[in-house]
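Visitor: I should like to examine one part of this model closely. Please take me through it in a connected account.

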Amino acid sequence: METSYQLRRRRALETMRRPQSGTSSMSSTDNALSQTLEQPSAARGESNFSHFPLDLSEAPIRLIDLLPIRESNPYRVECEMIISTSISERTYEALSYEWGHSEASKEIFINGMRFFVRDNLWNALYDLREDSPRRLWIDALCIDQQNVDERNHQVRHMSAIYSSAHRVLVWLGQGTDQGADALRTIASINLELERYDHSHPNSVRHSAQVPWDHIRHMCRNSYWTRLWIVQEIGLARNLRIHWGSDHIEWDDFANCYPVLPNDLQRSITFQLVRQRMARDGLNCFLKDLLETCKGSLCLDPRDKVYGLLGLADDCREGNLTADYSKSLFDVYEDVIRFQYGNFLNGVSVTHEVDYCSIVGFSQQLQWILWHPLPSEEEDCTARLDLRDSPSYRSGDLMRIVGFWGGSVALIGPECSNEISSREERDLWIERDFHLGAGMDIKDEVSSLVESFVAFEATERGRIITFHGLALQGSVELHQLADLTILSDRYEQSTESDVDAGKYSQTRPHLFATGDGDIGIAPREAQPGDLVCRFLHCDVAVIVRSFEFGYKLIGRVVIAKQQTLNWAYGRKYGKLCYSSPEISSISECQAHMTFFLDMATLQLLTR
């Protein structure tokens with residue numbers, strides 16, 4: 001016996017499955033009208049709506065009532081704005097959508113006053129109107145985006161806003177024929193699953209009649225690549241997917257997962273479905289979320305962190321909060337110190353973050369912050385501006401631990417097209433390189449140089465030399481265990497010293513260790529220098545013993561051993577550097593302890 005809810009749901013699915021006349025969510029008449037009644041652009045008038053202030057000492061939010069269609073002018077989108085004193089009222093729906101890259105040129109009216117929004121939001125407001133006012137929370141309307149203090153305040157409450165909403169509306173964009181086909185396919189799959197009582201999903205999965213390409217088209221919608229939706233979908237009590245004027249319940253969408261082909265199950269879209277299914281009873285930590293969502297996109301790179309705080313269980317205490325007045329480097333520093341503090345305070349995390357792996361986490365975090373959006377014109381040289389940070393003058397040092405990776409045995413020719421010809425490289429190998437009988441590394445060294453010559457200028461910047469970096473250590477060279485290197489690099493420096501630079505990019509040289517590792521080092525490297533490597537990353541440095549301790553010479557790159565196909569193993573044309581894991585470190589292998597300021601750590605791991 002079907003309940004009344006099940007009956008209504010089955011009828012809705014059957015209605016969705018039936019093709020509509022013309023099959024398009026927007027009729028040809030609507031299309032013609034949309035071209036005739038073009039929305040006024042910002043050039044035709046300025047917005048005269050202004051947000052009334054919120055009392056940020058409390059937790060109020062603005063809501064809008066989306067008014068019904070006005071028959072005399074159906075393309076006039078009208079809203080009324082109110083202030084709600086309690087987020088937990090659950091009387092509203094929250095919109096999850098893609099901002100898009102267009103200018104805010106589409107006109108709507110809020111409290112009778114003109115306001116301009118982007119195309120995708122205007123389309124959502126147009127199609128989401130009902131016969132009575134519809135109460136919504138929409139970030140672009142309900143937050144004064146020009147007020148940084150308010151923006152910080154509201155972003156900190158974003159998790160409560162989405163988790164308290166009666167429903168979260170997933171907006172995939174203006175209706176299309178392919179979109180309507182995708183939603184009808186989902187409805188059909190659910191009806192088939194109900195027919196089999198969910199007991200024979202393979203009967204649906206292997207059915208030749210299921211048009212899987214319709215769902216593939218849905219999964220390619222750019223909405224799914226947004227970073228903010230991870231939080232918006234993950235925290236929602238109820239979800240509904242809208243595509244133009246058509247919609248389907250999220251649970252019906254998620255029900256399809258067991259019967260999908262493998263490529264769809266692995267898609268970023270259904271990764272969100274899996275995360276939502278598994279969220280109950282599991283702890284989500286910021287480090288894991290950053291790794292999982294590193295491929296998601298956002299316009300502001302700071303949102304790579306801020307967009308995940310609401311889901312991270314280790315951020316519930318407010319010890320890491322959104323602040324859009326901070327520079328990108330400040331955000332990097334906040335996250336590193338937060339993660340470092342988790343270890344010091346004994347906070348349990350899924351992947352161990354300790355003195356040995358904080359370097360790898362720093363490198364991972366920088367990669368995430370540098371790539372908020374793919375762009376051929378990205379200026380990587382302006383990634384993190386150290387001069388924006390007070391860390392330059394801070395004496396607050398961090399302890400990190402690396403492992404001895406041998407000593408520099410040979411310095412080879414300089415890496416450049418003009419000087420390092422194949423003949424010179426071959427001469428160096430034949431004259432100086434003796435790694436044991438029958439071990440021929442000529443091809444590997446040649447491949448290394450040729451790949452490095454092809455580096456972009458920003459990639460070569462990874463090979464750096466440090467100048468005037470005071471280090472202290474009390475352990476003799478033959479007692480490598482617990483070698484301590486202390487960086488007080490900025491304790492006596494001035495801002496002008498920082499501008500002049502305490503490090504430099506250099507023309508790198510080939511080098512080899514006594515253990516047979518091959519790499520590229522700054523020209524200041526010398527035989528006898530110590531090589532230090534770090535877990536879970538390709539960061540390696542060379543350290544030199546001198547009369548009063550040790551000196552950090554610079555960063556080096558070490559190629560993977562016993563492989564010739566590593567030249568373009570990583571994305572963005574980077575070399576496939578050697579990246580040691582814990583299983584490759586022997587218990588008796590000497591470790592090196594560094595105490596570094598934040599700016600030095602950032603330079604080493606960029």
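In what order do the nine strands of the open sheet lie, and with what pairing?

Guide: The model is predicted. Its open sheet of nine strands follows the order β5-β4-β2-β1-β6-β3-β7-β8-β9, and the pairing is mixed. At the edges stand β5, residues 113-117, and β9, residues 246-249, each of which pairs on one side only. From one strand to the next the twist averages 35°.

Within this sheet, β1 (residues 61-66) and β2 (residues 78-84) run antiparallel and are joined by six bridges. On β1, L66 stands opposite C79 in β2.

The edge strand β9 also has a helix lying across it: α7, residues 177-195, crosses both β8 (239-243) and β9, and runs at about 30° to β9.

The nonpolar packing of the model may be considered next. The largest nonpolar core has 127 residues, and W137, L141, M218, W224, L286, V305 and F594 are those with the most contacts inside it. Helix α16, residues 328-344, supplies the largest share of this core, namely eight residues. Leaving aside residues up to four places away in sequence, W224 touches V170, L172, M218, C219, I229, I233, W250, F253, I268, T269 and L272. Of these neighbours of W224, M218 is itself listed with the most contacts inside the core. Another core, of 10 residues, lies apart from the largest one; A521, A540, I553 and I558 are among its members. In soluble globular proteins, nonpolar side chains tend to be buried together.

Technical notes
Residues numbered from 1 in each chain as written. Predicted model: local features only at pLDDT ≥ 70, side-chain atom pairs only at ≥ 80, totals over all residues. Heavy atoms only, no water. Pairing = 2+ DSSP bridges. Helix = DSSP H or I, 4+ residues; strand = E, 2+ residues; numbered from the N terminus. Axes fitted to C-alpha atoms, helices over the stretch in contact; angles between N-to-C directions. Contact = heavy atoms within 4.5 Å. Core = buried A, V, L, I, M, F, W, Y, C linked by side-chain atoms within 4.5 Å. Buried < 20%, exposed > 50% of the residue type's maximum accessible area, 1.4 Å probe, protein only.
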